[in-house]
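Please look at the sequence and the model together, and follow the path from the sheet to the helix and then to the interior.

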Amino acid sequence: DTVAWIKVNNTNVNYSVVQSTDNEYYLGHDFNKRINFGGWVYGDYRDNFEYFGNNTIIYAHNLINRTMFGSLAWCLKESWYTNTDNQFIKLSTPTTNTVWKIFSIYTIPSETYYFKTYFDTDKEHQEFLNELKRRSIYDFKEELSYNDKILTLSTCSDDGTKRIAIHAKMVKVEYR
């Protein structure tokens with residue numbers, strides 16, 4: 001079920017990404033498909049890791065030992081944000097190596113708005129991108145266009161009452 005490898009600078013995120021036919025299986029199973037309440041890092045079942053869509057979404061639990069997406073909370077700190085080397089995510093698949101530049105980081109009550117992957121019009125897609133950028137706690141000074149492919153990382157906040165969302169746009173793709 002492995003579809004990619006993800007690395008987020010200056011976090012513990014350095015994992016294979018798996019994908020199933022739903023968004024439930026890897027919440028409670030590990031990479032080896034064994035029952036594990038820590039789950040694994042997994043791509044949304046709607047994602048296409050060969051071509052990447054408008055919004056490629058990756059989820060994982062926020063574990064107290066800072067594994068899976070547990071260290072993404074560090075990205076909310078100003079000291080993390082001010083180190084510009086941290087603002088890039090690397091994602092490799094069997095056919096591509098990609099680099100994504102972060103443009104938005106925030107916490108929000110549990111919702112599904114930012115999980116949207118398809119847009120009826122370019123205008124609707126641009127409004128979606130503008131909203132994600134508006135939500136950010138930091139200004140990454142990134143321009144966004146409806147032509148951009150974006151990556152969304154999602155996990156629970158440390159107290160479990162909200163979600164941490166990180167959005168990045170693809171800035172480099174190399175085909176193998």
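A closed barrel of 8 strands, with mixed pairing, runs in the order S1-S2-S3-S4-S7-S8-S6-S5, where strands (E, at least two residues) and helices (H or I, at least four) are DSSP runs numbered from the N terminus, and two strands pair if DSSP finds at least two bridges between them. This is a predicted model, in which local features need pLDDT of at least 70 and side-chain atom pairs count only at pLDDT 80 or more, while totals for chains, interfaces and linings use all residues. Residues are numbered from 1 along each chain as its sequence is written, and side-chain values use heavy atoms, with hydrogens and water left out.

Within the barrel, S7 (residues 150–156) and S8 (residues 162–175) pair in the antiparallel sense over 7 bridges, and serine 154 has alanine 165 in S8 as its bridge partner. Helix H2 (residues 122–135) packs on the sheet and touches S4 (55–59), S6 (96–109), S7 and S8. The residues of H2 that are buried (under 20% relative accessible area, with a 1.4 Å probe and protein chains only) are His125, Gln126, Phe128, Leu129, Leu132 and Arg135, and these buried residues pack against S4, S6, S7 and S8.

Turning to the interior, the largest nonpolar core, a set of buried Ala, Val, Leu, Ile, Met, Phe, Trp, Tyr and Cys residues joined through side-chain atoms within 4.5 Å, has 48 residues. Its largest share, 6 residues, comes from S6. Among the residues with the most contacts inside this core is Ile6, and, neighbours within four places in sequence aside, isoleucine 6 is in contact (heavy atoms within 4.5 Å) with residues including Val17, Val41, Ile58 and Leu153.

Methods
Axes fitted to C-alpha atoms, helices over the stretch in contact; angles between N-to-C directions. Buried < 20%, exposed > 50% of the residue type's maximum accessible area, 1.4 Å probe, protein only.
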